[in-house]
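Here is a short report for a reader meeting this structure for the first time. Take a look at the model before reading on.

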Amino acid sequence: MYTAGTESFLRQAREIQDEELRKFISRIAGFLQNQDFGNETVDSLQRLFLIISATKYGRKVDGKFVELLQTVLYLPKSPEQVQFLCAAILREMSPCNDLSMSWDKIQDTKLLSLAFSIMLAQGNKKAEAEAVGHHVVKILEGRLPEGQNALHLLPLLSKVISFAPMSLSEDQINLLSKRMVDWLRYASVQQGVPHSSGGFFNPRARQPGPIMEVDGTATTDFFTVLSLGQCYTEDQWLNMQAFSMLRKWLLCYGSDGATGPNSDDKSEVDGSVMSMVSVTSTSSRLLPPKERLREKAFEYCQRLIEQSNRRAVKKADGELQKACLIEAITVMDIICRQDSSYVYRSLSCLKNVHSRISGDLSYARVLLPIAQFFLNHSETAAVDSEAVYKHLFTKVPAQLFHSPMLAFEFLQFCRHNIRFFTENLSIFQQNIPNLFKFLAWNSPALVTEYMDLLPALLRTDTAMEIFHLLLDLPCLAAALDVQLRSVLTPMSERPALDPALKPATYLDAFRHPDYRGLFQYLLQVESAPGDPSRLTGLRQLLASMANSPRVVQCAESVPVLLQLFFGVVAEFADRALASKLVLAILERSDHLYEIPAFKAEMYRVMSCQLPVLCKLHPSLVVELSKQLLEFSGTVTNIQSKEDLFTHVVWAIGEYASVLHDKRCTAEQINKFFEVLEAMLFEITQLRPLATIPKYSPRIIAVLMTALTKLASRSQDLIPRVSLFLSKMRTFVQNPAISSIYSAEDADAILTRATELMNVLKMPSVAQFVLTPSSEVSSPRFHQDTNVSLPLAMKTTSRLLEQGTSFAPG
């Protein structure tokens, strides 16, 4: 969020008109042409940069002014600040037809870096990156001109690797690998000389002191990014830059194919022993450049791990230790993947690190690269690393669900290793409830990550648990909020709790013995059997948090994931699982968190998926007849769950047939018929005007169609349906009803009743139209709109109306 002052500046920049901008640019051009680089020029360039960068569309700038900016950028007299501003403006204006950068003759490394950033913004990335990469290597091959240094070249080289990794030749890679060894391993351990401010000063202050460790002691080993000083030398800056790009360099150029974890020229045991002996005993200077870089990079990472054990004097240095520890372990993992001999040298070190930090929550992010290392190499080293994974999946999400950075990195780790986890690690499946805490607290930022994870989590034995977890996600978000508030509330501020009294607030309920078990069930770490309906009391207690922004955002994320859930489950659901899901849909429709918009969306998604499950296993309608009859026989379900009720009635009418299940006898059809008939009578009976509720025409049409379908399968019911349908004209023409329904709605109800009644006049035709056999209905009947059920009914009805003018009423 921007501050009010910033918003005001941005608004002014966006609202400036073209004519005013032209005059302003003309004024700046005058300053630059006169080589006036004072404060007014700097301020004007800053304002121009804001104007150009604040608008989404390209500002019209004269080509001559673009050339002038480029000229000033290359001008040796230009102050550094003016050069940076000119480069920033040119980048914001790119791509620009009036801009043509020439960089091949630039000797100033800082200027080359600025020019390259503009070329990348112009859009010709790969070709330019390749050429600049060769130019940078050529500069690094020789001695830099006096006054120049390589500090600006390594960031530039890192960009080249990103855009054109294949542009460097093998000789260039070897040359730079040698230089990186020097930068990493042989930086000075003395502090640099600070720039003199002039005037009188103490000569002793100019004497450089030793580089310090984070705990305040003098460095006794080689320099690293965790070595501290007041002023750094050039080689120390290069050391830090080289380490920052080390991971990228190793990934691109570290592997030479000669060694690695997949090498099979020796047996695993003999190869590992020989590699350890050769690497530790042979002088590293005799190794090829890539192998020597791996060796020195490994030593560097070991040194960082040793430095991370020191107690930092400053808090900022402690955070730097954690960041460097993460990078060091990641680099060690890459090195071990390229050469398996390093695995055995790393294991004991990383085990010690894990033992040291596992109890400190502030080091939780470091656990991820450690787990990744053991996941990649534990099999090679024949080491059982289950304890590492168990600690990661059980402790971290439960205690640090509220850390957005950790949540994102944790899920990225899961996505990266999803195949391994689902195939080899039961802990991943056991801790599904724990994983959903990240989603509950950090929705909707993590929805994309969970859309990738969810298909891998779903199996026959986990589908039901995940279904309930998704429906209870807003309630979980509220419970996590309560848990966090309770933990952060000091003991002295907590009111006394009387177990005999009902808790007054949800914070009291979190500690109350009657509700503690419910909170523990909802906040469980590992999968455990239980009945989600027991949470009804807790949902009611947490209803006051339904308007919390976090809970609302969480609720808005659930429909997307639930839709994905059903799409994946439909691919493998057997009849038993489909039966459980249909039952759960009916039961959970009464047990949802009290957010009206959330409940409406849940009904919509679940109702759309119920026909899909029934189509996969049509016999479910007969097997679950008791539950379906109970649901469809409740009038309140029509008003509160219209979508779900409609699809349940449709499923009964569609699949309650002996064609789909031999157990669907005439007696069973009669039971369905009587319940649906009673419901249709209930919603179409005439009442005093003041008490007539309005029901959707769709509900009435679906009920009439379902009853007609059932009657076509048990022809003894045809007279009852025909009589009922014949009364629909009286119903829709009643003044009390016509005041509720529009003319279009009334006409639609009457038309459907007429068509259904006409079809029933010929029972054999009715059965063909309303219950087609599989030979008729597959595949064309459901795919071609020209032979759909409404068209068949209308056609049959018109044919019958040619011989009779009978109409209901």
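## A cluster of phenylalanine rings

Ring pairs tie seven residues into a cluster: Phe-393, Phe-410, Phe-413, Phe-420, Phe-421, Phe-428 and Phe-438. The model is predicted. A search of the whole structure turns up 22 aromatic pairs. One of them joins Phe-393 and Phe-428. Their rings meet edge-to-face, 5.6 Å centre to centre, with 75° between the planes. This pair links distant parts of the chain. Phe-393 belongs to helix H17 (residues 386-400), while Phe-428 belongs to helix H20 (residues 426-430). The two residues are 35 apart along the chain.

Phe-428 also pairs with Phe-421. Here the rings are stacked, with centres 5.1 Å apart and planes at 25°. Are these phenylalanines buried or exposed? Phe-393 is buried, because its relative accessible area is 0%. Phe-428 counts as buried, with 0% relative accessibility. Phe-421 is also at 0%, so it counts as buried.

## The protein as a whole

The protein has 809 residues, and 51% of them count as buried. What secondary structure does it hold? There are 44 helices and zero strands.

Consider contacts between residues at least 6 apart in sequence. Of these, 75% join residues at least 24 apart. The exposed area is about 39200 Å². Carbon and sulfur atoms supply 53% of that area.

## Charges over rings

Which rings have a charged end sitting over them? One is the ring of Tyr-363. The charged end of Lys-322 sits over it, 5.2 Å from the ring centre. Another is the ring of Trp-441. There the charged end belongs to Arg-550, and the distance to the ring centre is 3.8 Å.

## Cysteines

How many disulfides does a search of the whole structure find? The count is zero. Take Cys-475, which is in no disulfide. The nearest cysteine sulfur belongs to Cys-554 and lies 10.0 Å away. A disulfide needs two cysteine sulfur atoms within 2.5 Å.

Cys-475 is buried, with a relative accessible area of 0%. Cys-608 has 37% relative accessibility, so it counts as partly exposed.

## Ser-589, in a loop

Where is Ser-589? It is found in the loop between helix H29 (575-588) and helix H30 (596-616). Is this loop residue buried or exposed? Ser-589 is buried, because its relative accessible area is 2%. The cut-off for buried is under 20%.

The side chain of Ser-589 makes a polar contact of 3.1 Å with the side chain of Lys-641. Setting aside neighbours within four places in sequence, Ser-589 is in contact with Tyr-603, Phe-631, Lys-641 and Leu-644.

## Leu-760, in a helix

Leu-760 is placed in helix H40, which covers residues 743-760. This leucine is buried, given its relative accessible area of 3%.

Which residues does Leu-760 touch, not counting those up to four places away in sequence? They are Thr-708, Ile-718, Val-721, Ser-722, Leu-725 and Ala-766. Thr-708 is 52 residues from Leu-760 along the chain. Their C-alpha atoms are separated by 7.6 Å.

## Gly-318 and Met-451

Gly-318 lies in helix H14 (residues 315-338). With a relative accessible area of 13%, Gly-318 is buried. Val-214 is 104 residues away from Gly-318 along the chain. In space, the C-alpha atoms of the two are 8.0 Å apart.

Met-451 is in helix H22 (residues 447-457). Its relative accessibility is 33%, so Met-451 counts as partly exposed. Leaving aside neighbours within four places in sequence, Met-451 is in contact with Val-560, Leu-561 and Leu-564. Met-451 and Phe-565 are 114 residues apart in sequence. Their C-alpha atoms are 9.0 Å apart in space.

Definitions and conventions:
Residues are numbered from 1 along each chain as its sequence is written. This is a predicted model: local features need pLDDT of at least 70, side-chain atom pairs count only at pLDDT 80 or more; totals for chains, interfaces and linings use all residues. Side-chain values use heavy atoms; hydrogens and water are left out. Helices (H or I, at least four residues) and strands (E, at least two) are DSSP runs, numbered from the N terminus. Buried means under 20% relative accessible area, exposed over 50%, partly exposed in between (1.4 Å probe, protein chains only). Contact means heavy atoms within 4.5 Å. Accessible areas come from the Shrake-Rupley method with a 1.4 Å probe; for residues, only the protein chains shown count as cover. Rings of Phe, Tyr and Trp (its six-membered ring) pair if their centres lie within 6.5 Å; planes under 30 degrees apart count as stacked, over 60 as edge-to-face and the rest as tilted. A charge sits over a ring if NZ of Lys or CZ of Arg is within 6 Å of the ring centre and within 35 degrees of the ring normal. A polar contact is a pair of N or O atoms within 3.5 Å; within protein, one must be able to donate a hydrogen and the other to accept it, and residues adjacent in sequence count only if both atoms are side-chain atoms.
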